[in-house]
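Grab a pencil and open the viewer. Try each exercise yourself before you read its solution.

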Amino acid sequence: MKKKVISALLVTTMVAGMLVGCGSKEAAETPATDDAATEQPAAEEPAADDAAEEPAADTAADEGKVFNIQCWNEEFKSRVTAHYPGYEEVDATTGKIGDITVNWTVTPSQDNAYQNNLDEMLLKQADAAADDKVDLFLIEADYALKYVNSEYTVDVAELGITADELKDQYQYTKDVVTDSNGKLKGVSWQGCPGVLIYNREAAKEVLGTDDPAEVQKSVADWDTFLATAKTMKDAGYKMTSSANDSFRVFSNNVTSKWVEDGKINIDANIKAWADMSKTMVDAGETGTHDLWGDDWSKGFYPDGKVFCYFGPAWLIDFCMAADQEGSIANQGGWGATEGPQGFFWGGTWICAATGTDNPSLVADIIRKLTCDTDIMIDIVKDDNDFVNNMPAMTQMAADTSYSSAVLGGQNPLAMFCAGAGNIDLSNTSPYDQSCNEAFQQAMKNYFEGNMTYDEAVDMFHKAVVEKHPELTY
């Protein structure tokens, strides 16, 4: 009976947190401030420099000996394995930091499986044995507020991490995980500004050059982009593989939230994406493939005849078949330019779970992987990731010895840096993932001629309300 009562209370807490983040416009728009991490650590907490000198496992003997991490893929694990001092890999799901055992639970995001599993674990947190408690978990921007505006996440100031330690990080990465009371509830090692990634051979064949500055002139705004799409189509290329390729560029430049005062809202820029995409699909200039599917990724190869994709650094190096012989990426055949509008896509934030018995280790992982400039530079060099550290990225953008093999030797970091500084997250809501996915799925019916626009919108509304019955439209 006790467990049922606690679970009910925790469910209520999560729902209340979501409503705070979305139902109150003033609260949801509260920007991150330096006050989010200005509380001073207790006297016994190690200073930042001391923490950086040796692993937390050696300075927190009174803490737990089992460290549990919840994540949805191997990316963060690979960063910890390669870059956290003293981490030893035992097997695919286990590691060691000093005498602490690290357990990795990886649950894929498909069909909301990761969040469902995480929610179940967090509901049990209060009654869980010490060795079973979640210590650290990861979140994405599209649903960050769900956890940030709840009791499940720890204010990083309570971990002893100060605003001064985080001063070199991009502001938008703080805004994503700042709760309605101005408390910072997570930290990211990466930034995810996006660019237009183009097929160099197609550019030379159709545009007469693959120089990024010259290609930019052909995609500088959406009208020019559409004109170039027609030119590409006439030459036998799709402008993009799918209408969904450009969705994030539009959705990141909205002037209102997906949900306003509990009501589903379709911003004018979202409608503009649907209008442009319908035009391009009807003209044969793009397809309707779902992202990540086999048809969508055919454009990663020369025979796919796709001119461009939109994406951040992680898409370029981790998702475009760079390790597959014969792919455009494997041959260094992509280039990068700014494109019609700046945008970002994705990102991963590290959160300390309320109730963790390893707060010092969580804090040390955050410090090492998000605040240590030397480690940040190593991540850029070793993994081609765009890191959440302005001095590191400025240094690497000016480093003439750094280049991307996938991008034919180009150093794209200067344009990534410029994009990261202009990201605005004032119009995010806790419902972004559900709305983004449902809208694209519904619009596919419209693009393919199976529904009118209004019918597709009705399908979208019903899909979101089915998942979130507290909403109206």
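What follows is a short set of exercises with worked solutions.

This is a predicted model, in which local features need pLDDT of at least 70 and side-chain atom pairs count only at pLDDT 80 or more, while totals for chains, interfaces and linings use all residues. Residues are numbered from 1 along each chain as its sequence is written, and side-chain values use heavy atoms, with hydrogens and water left out.

**Exercise 1.** Work out the order of the four strands in the open sheet.

Start with the vocabulary: helices (H or I, at least four residues) and strands (E, at least two) are DSSP runs, numbered from the N terminus. Two strands pair if DSSP finds at least two bridges between them. Reading across the sheet, you get S8-S11-S7-S12, with mixed pairing. Next, look at the edges: S8 (238–240) and S12 (334–337) each pair on one side only. From one strand to the next, the twist averages 20° (axes are lines fitted to C-alpha atoms, for helices over the stretch in contact, and angles run from 0 to 180 degrees between N-to-C directions).

**Exercise 2.** Find the strands that helix H10 touches.

H10 (residues 222–234) packs on the sheet and touches S7, S8 and S11 (306–311); contact here means heavy atoms within 4.5 Å. Then check the direction: H10 makes about 145° with S8.

**Exercise 3.** Trace the bridges from S2 through S3 to S4.

First, S2 (residues 87–91) and S3 (residues 94–97) pair in the antiparallel sense over four bridges. They form a hairpin with two residues between them, and Asp91 stands opposite Thr94. Now carry on to S4 (residues 100–106), which pairs with S3 in the antiparallel sense, over four bridges. Thr94 turns up again, with Asn103 as its bridge partner in S4. In the hairpin of S3 and S4, Gly98 takes a positive phi near 60°.

**Exercise 4.** Decide whether helix H18 is largely enclosed or not, and look at what comes before it.

H18 (residues 432–447) reaches 22 Å from its first C-alpha to its last, close to the 22 Å expected (1.5 Å times one less than its number of residues). Because 13 of its 16 residues are buried, H18 is largely enclosed by the rest of the structure; buried means under 20% relative accessible area, with a 1.4 Å probe and protein chains only. Step back to the loop between H17 (413–420) and H18, and you meet Ser429. Ser429 is buried too, at 2% relative accessible area. Its side chain makes a polar contact with that of Asp432 (2.9 Å); such a contact is a pair of N or O atoms within 3.5 Å, where within protein one must be able to donate a hydrogen and the other to accept it, and residues adjacent in sequence count only if both atoms are side-chain atoms.

Note on methods. Buried < 20%, exposed > 50% of the residue type's maximum accessible area, 1.4 Å probe, protein only.
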